[in-house]
Amino acid sequence: MKKVDEIIRMTDITKTYGEGEAETTVLRDIDLVVKKGEFLGITGRSGSGKSTLMHIIGLLDSPTSGNYVLNGTDTSKLKEDELAFRRNKEIGFVFQSFNLLPKLSALENVILPAIYAGINNKERTEKATMLLTMLGLENHIGKKPNQMSGGQQQRVAIARALMNDPELILADEPTGNLDTKSGDDVMKTLRHLNDEGKTVIIITHEHDIAIQAKKLIQLEDGMLMHERKKTVAT
């Protein structure tokens, strides 16, 4: 079997909501290719379609028309349980609002994806502890989200995203709720993960965050307007 070097290929992706006079087109004829190991930034103003594109990339929504191939698989042919499996195994999500469960400790939050994946308790506990330690949170393993800073919570979210060793990290406004230093730390972590071979996609409206990606695309009114490659100093 031929090895696939593309993790994402989108062709003529369009997304509309509503019907008749209420119909709104959010994405228009998007063509996008992301190769394995790339660090892509998706930027654009509020309402440009960034979040909708992220939801389609992350298999949280489906396009109205067009074709989306993820890791060599046509996603339109997948049933809901197959989509859920791929979301859990192949994609690590990092959200602006962290999405940590408030009653669970950092360790318990990180473990969650592995529970859904059927990994045994000993293995998932050891791996979650290793990830939190790798991200400098060894002294926060037993703490709940309200006992940690925003930057610490986002690093817990990154550890959770890495739990099932996904090939793709999808980060939606990952620094949006953070102060400058915490945001810089999170971006440093994402760059490191990319250097280690992970494909990283960040969605952001912040220019200083977007330009840290190695390739940038810009959305405007649901259309892909601009794409460029760049080299980032580490």
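The following exercises, with worked solutions, concern helix packing and the largest pocket in a predicted model.

**Exercise 1.** Determine how helices α5 and α6 are oriented towards each other, and which residues join them.

*Solution.*
Step 1. Two packed helices are described by the angle between their axes and the distance between the axes.
Step 2. Helix α5 covers residues 150-162 and helix α6 covers residues 180-195; the angle between them is about 20°, and their axes are 9 Å apart.
Step 3. Angles under 35 degrees count as roughly parallel, and α5 and α6 are therefore roughly parallel to each other.
Step 4. The crossing of this pair, α5 and α6, is right-handed.
Step 5. On the α5 side, the contact involves Gly151, Gln154, Ile158 and Leu162, which meet Ser182, Val186, Thr189, Leu190 and Leu193 in α6.
Step 6. Sorted by class, the residues of the contact of α5 with α6 are five nonpolar, four polar and no charged.

**Exercise 2.** Carry out the same analysis for α3 and α5.

*Solution.*
Step 1. The axes of α3 and α5 are 7 Å apart, and the helices pack at an angle of about 30°.
Step 2. With the limit for roughly parallel set at under 35 degrees, α3 and α5 are therefore roughly parallel to each other.
Step 3. The crossing of α3 and α5 is right-handed.
Step 4. From α3, the contact uses Ala106, Asn109, Val110 and Pro113; from α5, Val156, Ala159 and Arg160 take part.
Step 5. These residues of the contact of α3 with α5 comprise five nonpolar, one polar and one charged.

**Exercise 3.** Decide how α4 lies relative to α5, and describe the contact.

*Solution.*
Step 1. Helix α4 spans residues 121-134; the axes of α4 and α5 come within 9 Å and cross at roughly 135°.
Step 2. Roughly perpendicular covers 65 to 115 degrees and roughly antiparallel begins over 145, with the rest outside the parallel range counted as oblique; α4 is therefore oblique to α5.
Step 3. The crossing of α4 and α5 is right-handed.
Step 4. The contact is formed by Lys127, Leu131, Leu132 and Met134 of α4 together with Val156, Ala159 and Leu162 of α5.
Step 5. By class, the contact of α4 with α5 contains six nonpolar, no polar and one charged residues.

**Exercise 4.** Describe the volume and the lining of the largest pocket.

*Solution.*
Step 1. The volume of the largest pocket is about 450 Å³.
Step 2. Its lining consists of 18 residues, and those nearest the centre of the pocket are Arg87, Asn88, Phe93, Pro113 and Arg160.
Step 3. At least two lining residues come from each of α2 (80-90), β6 (91-95), α3 (106-116) and α5.
Step 4. The element that gives the most to the lining is β6, with four residues.
Step 5. The lining of the largest pocket is made up of twelve nonpolar, four polar and two charged residues.

Terms used: Residues numbered from 1 in each chain as written. Predicted model: local features only at pLDDT ≥ 70, side-chain atom pairs only at ≥ 80, totals over all residues. Heavy atoms only, no water. Axes fitted to C-alpha atoms, helices over the stretch in contact; angles between N-to-C directions. Left-handed = near helix turned anticlockwise from the far one by under 90°. Contact = heavy atoms within 4.5 Å. Nonpolar A, V, L, I, M, F, W, Y, C, P; charged D, E, K, R; others polar. 1 Å grid on protein atoms, 1.4 Å probe; cavity = no way out; pocket = protein on both sides within 12 Å on 5 of 7 lines; lining within 4 Å. Points joined across faces, edges and corners; volume = space filled by probe spheres on them.
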